[in-house]
Amino acid sequence: MVFDTTTTIAKALADCTGTQDVQLTDGGEHADLASTIAFGLAKQKKQAPVKIAQEIVAALKNNKDLADQGITVEAKGPYINFVFGSAYVSAAVKAATQPGYGSFPKMDSRVVLEHTSANPNGPLHVGHIRNSIIGDTLARAFRKAGYRLEVQYYVNDMGRQIAIVVWGFDHLEHARHDGEKEDAYIARVYIEANREIEKDPGITQQVDKLMQLVEGGDPETVKKFRTVVSHCLDGFAVTMKNLNVKHDRFVWESDFVRNGDTKRVIGKIEKLPQARHEDTLLALDLAEFGFANKYVIRRSDGTSVYAARDLALHTWKSANFDRAIDVLGADHKLIGAQLQCTLKLLGEKAPEIVHFEFVSLPEGSMSTRAGKFVSADDLIAEVTKRAFDEVTTRRPELDEETRKDIAKSVALAGIRYDIVKISPEKSTVFDWKEALDFERQSGPYIQYAHARACSILEKAGTFAECYDLETEQEIALAKKIAKFPDVIQKVVAELRPHLLATYAHELADTFNSFYHYEPVLKSEGKVRDRRLTLVKAVQNTLQESLETLGIDAIRTM
């Protein structure tokens, strides 16, 4: 029933008004759901929205489905408010005590989600991992929503940055330092090579030659490129594991040159009326679609640019998946829009793109090329150290190994939550102190609420589950728990993972308020049973929320 209430209301409104667009929204403080349909009908009926709302409410009073589910309806000015009854609340709590709460049935629709895809020329830095965390949280939400999902990392193994690294390995002293991580090793060579290029711009011609050789399939050059990129990816894998980020497949850019897909897509582009040729240079004039700059596909030396290989990749995605989603930085807005436009001209499905602004540290901006960056590894290490200090202050009686395990989970929660809680289109500065604050809007705060629920249940022992709630605090908590499945669906529909972060924090807040006002362990009989049942439901919902956010739902802190 908890999953059918919105559908029941939507159907009742549609039957009553004759329109399918019933404009349901959150009811805020006054209701569980509200409809603004009266505004939409006002122009059509030439009546005031308030009068229309009153007429609709009068008609809905006789709806048997609403009455059976205990849903009350009232007009509040031009708004139609719906308040859910006790049957809804009981069903919500019962559903929330079950394993996997919030999961939806498996669907046939295939989705591909690409995220991170940083150039493999140095460690992932703080600016990269917002991509990773947004992408991984979306992936977890899609899987919970029942989608068949493949998460991909698109490996740029043919770009100029990689050619510079290869040149560095060919011409510079590059012995790996003891204990040096693979991606840090690659970055050191890349930085040194760039310094040499600054001193001798003539090296650029040698780099260009390497790019021509790798696109032409020269076996020795291809092997060099693949080797340095693989080293960097091995380093990335360690960082990703520490961030609890997972990819299903690494898709290599060069494969779309080797298998002929890039050549085929260029052939199709050459036939478009928007194609512009200057000798061997090929570009698209997309001015009619609002793009001032030409979209270059092939250089004057005959080599393809990144955009051509990207088009080949997305043509392949279009053929093999029902829906494609890319997570890209705000600096990719132009090329992302050009990509979408060109794919539509080619008759292919264009990807949905989640653009995000960058996360930074108070220390300032970062650049791999200049050697100025705070690596994600350094960030994780520093946050883990600070988390260990905090856990030691709070729980000095625990042995060191236990405190280290808790600190690792708390650090992960601090990083992932602080980054994902802000909507993607807003830039953010990672706040060390706030990220680890157990008493504010942080991942550890939500973990702490979950641990509190676990502790209550452990102390309580056995009890008979009871779903008949009575007090205002009990019902408010149950209704907040009931929203979880809808939040999952909204995250997937709108591609906005911060909505889940906001919900998890609100649920923790509502639980803490309930616990403050309503005695649980000290209550007796049926009251004790129903409150412990609520605690079990909130513990399970917090666990499902945290795991979907990629955060450990630890049982003690």
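What share of the contacts in the protein with a separation of 6 or more do residues 24 or more positions apart account for? The share is 74%, where a contact means heavy atoms within 4.5 Å.

1. Basis of the note. This is a predicted model, in which local features need pLDDT of at least 70 and side-chain atom pairs count only at pLDDT 80 or more, while totals for chains, interfaces and linings use all residues. Residues are numbered from 1 along each chain as its sequence is written, and side-chain values use heavy atoms, with hydrogens and water left out.

2. Overall make-up. The protein has 22 helices and 14 strands, which are DSSP runs numbered from the N terminus (helices are H or I with at least four residues, strands are E with at least two). Its C-alpha atoms fill a box of roughly 80 × 70 × 35 Å, taken along the principal axes. Of the 557 residues in the protein, 53% are buried, a word that stands for under 20% relative accessible area, with exposed meaning over 50% and partly exposed the range in between (1.4 Å probe, protein chains only).

3. The four-stranded sheet. One open sheet has the strand order β1-β2-β4-β3, with antiparallel pairing; two strands count as paired if DSSP finds at least two bridges between them. The edge strands are β1 (24-26) and β3, each of which pairs on one side only. From one strand to the next the twist averages 30°.

4. Pairing around β4. Strand β2 (residues 33-35) is joined to strand β4 (residues 79-83) by three bridges in the antiparallel sense, and Ala34 has Asn81 as its bridge partner in β4. On β3 (residues 72-76), five bridges lead to β4, again antiparallel; here Glu74 is partnered with Asn81, and Lys76 with Tyr79. Asn81 is therefore worth finding in the structure, as a bridge partner of both Ala34 and Glu74.5. The hairpin. β3 and β4 form a hairpin with two residues between them, and Gly77 in the turn has a positive phi of about 65°.

6. Helix α3 against the sheet and against α2. Helix α3 packs on the sheet, touching β3 and β4, and its direction makes about 170° with that of β3. The axes of helix α2 (residues 37-45) and α3 (residues 49-60) come within 8 Å and cross at roughly 110°; such axes are lines fitted to C-alpha atoms, for helices over the stretch in contact, and the angles run from 0 to 180 degrees between N-to-C directions. The two helices are therefore roughly perpendicular to each other, the class for angles of 65 to 115 degrees (under 35 is roughly parallel, over 145 roughly antiparallel, and the rest oblique). Where they meet, Ile37, Ala38, Phe39, Leu41, Ala42 and Lys45 in α2 face Pro49, Ile52, Ala53 and Ile56 in α3.

7. Helix α13. This helix (residues 306-320) has 15 residues and reaches 21 Å from its first C-alpha to its last, close to the 21 Å expected at 1.5 Å a residue, the expected span being 1.5 Å times one less than the number of residues. Eleven of the 15 residues of α13 are buried, so the helix is largely enclosed by the rest of the structure. Among these buried residues are Arg309, Asp310, His314 and Lys317.

8. Thr510. This residue lies in helix α21 (residues 498-517) and is buried, with a relative accessible area of 19%. Leaving aside its neighbours within four places in sequence, Thr510 is in contact with Ala476, Leu477 and Lys480.
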